[in-house]
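Got your viewer open? Load the model, turn on the cartoon, and follow along one stop at a time.

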Amino acid sequence: MDYPLYAKKPCINNLQHCDIDEQAARLTGYDQSYQQISKGRFCGTFTTCDIDPELSLFFESTNQVLYQNAVVPRRYYAIGLLMNTDRTLTLNCEPLPQGAAFILPPGSEMAGISSPDMRICIVHVACDLLQRALHHQFQQPDLCDPDYLSCILINSRQETGPLYALLEDFRIGAENRQLELDNTKQLAAVKNTLVETICSVFAGRNSQGSNNSGMTTATRHQRLFHDALDVIGDNLGEELTVGLLCEQLAASRRTLEYVFRENIMMSPARYIRTLRLNNIRREILSRETDNLGDIAAKWGIWHLGRFSRDYYRLFGELPSATKGGLVRG
């Protein structure tokens, strides 16, 4: 599907979630998935601002460290900014500094690790809309051609400042219900202001010329990291060890340890176990089976005492409490 299903008319929705999968699904059309990395109960908010099928805004906050994957829908750009400048995000192995933003073209993948209590905004904008606006304002519609513009990191407060200020005003208005998108004149003014500011960012990229900072996935370490994630994903329920992972990837343990700590700040062994615990929680919540031991064994975890301890440390409750809460609900 080229475009996610949106509301039939302009609207704003403010939602709170205690489940990472429910939160991830809110960024519709991006095939987004989360894995919880830090310890404690998850809590997040997600504000969706649907202007029209060509333009939407997504404001998200999460209280835990998350490893995130997503793919930008075809024929749309994703422009992202951190809304709280004291937090960090690592995107496609590149740190997103305070005050920075990123532009991702259609079909591009984004994988990153967020800091706790991070707030981010994603501007979802159609290529056709950008082409029309850039042609009207700058006579340069080719600036948003995916073949012309690759993944871009904008590390300049001078460039990102106007867009950040505008989005922050929009976020406050949306969360406090001060915006009225059913008001035709206000809706048109909001869209025109957003598009004009976004076009200025694209035009600024062109004027910077060789100073553009591209976020590339062609580095050897990044290829190794993503190859490792593929192997882990395909063998998570099997007898997978770091030694076997090194053997299959033809990489030394030292290199693999470095690559994982560089990307997600944890060892491969801890990541494998964390991923298994996330999947166990999903299966408990799905009610596929009532036997916790069977669920743990399915994902390669046999020591139930250690399993309960690790589960509690990661999610802030015992697996039996997760199951009990589901039954009571």
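Where is the place of Tyr76? Select it and you land in strand β6, residues 76–82; helices (H or I, at least four residues) and strands (E, at least two) are DSSP runs, numbered from the N terminus.

Before moving on, a word on what you're looking at. This is a predicted model, where local features need pLDDT of at least 70, side-chain atom pairs count only at pLDDT 80 or more, and totals for chains, interfaces and linings use all residues. Residues are numbered from 1 along each chain as its sequence is written, and side-chain values use heavy atoms, with hydrogens and water left out.

**Stop 1: Tyr76 and the whole chain**

Keep Tyr76 selected. Tyr76 counts as buried, at 11% relative accessibility; buried means under 20% relative accessible area, exposed over 50%, and partly exposed in between (1.4 Å probe, protein chains only). Now add Gly107: the two are 31 residues apart in sequence, yet their C-alpha atoms are 8.2 Å apart in space.

Zoom out. The protein chain has 11 helices and 13 strands, and buried residues make up 50% of its 329 residues. Look at contacts (heavy atoms within 4.5 Å) between residues at least 6 apart in sequence: 74% of them join residues at least 24 apart.

**Stop 2: a turn of the backbone at Asp117**

Next, select Asp117, in the loop between β10 (109–114) and β11 (118–126). Most residues other than glycine have a negative phi. Asp117 isn't a glycine, but its phi is positive, about 60°. With a relative accessible area of 43%, Asp117 is partly exposed.

**Stop 3: α5 against α7**

Select residues 220–235 for helix α5, then α7, which spans 253–264. Two packed helices are described by the angle between their axes and the distance between the axes. Here the axes come within 10 Å and cross at roughly 95°. Axes are lines fitted to C-alpha atoms, for helices over the stretch in contact, and angles run from 0 to 180 degrees between N-to-C directions. That makes α5 roughly perpendicular to α7; the label covers 65 to 115 degrees, while under 35 is roughly parallel, over 145 roughly antiparallel and the rest oblique.

Show side chains at the contact: from α5 they include Leu224, Phe225 and Ala228, and from α7 they include Tyr258, Val259 and Phe260. By class, this contact has 10 nonpolar, 3 polar and 1 charged residues. Ala, Val, Leu, Ile, Met, Phe, Trp, Tyr, Cys and Pro count as nonpolar, Asp, Glu, Lys and Arg as charged, and the others, Gly among them, as polar.

**Stop 4: Met265, on the way to α8**

Met265 sits in the loop between α7 and α8. Met265 has a positive phi of about 55°, although it is not a glycine. Buried or exposed? At 56% relative accessibility, Met265 counts as exposed.

**Stop 5: α8 and α10**

Now take α8 (residues 268–286) and α10 (residues 304–315), which pack at an angle of about 90° with their axes 11 Å apart. Their contact includes Leu277 and Ile280 of α8, along with Phe307 and Tyr311 of α10. Its residues divide into 7 nonpolar, 2 polar and 4 charged.

Which residues of α10 are buried? Pick out Phe307, Asp310, Tyr311, Leu314 and Phe315. They cover an arc of only 110° around the axis (taken from the directions from the helix axis to the C-beta atoms), which puts them on the same side of α10.

Finish at Gly316, just after α10, where phi is positive at about 80°.
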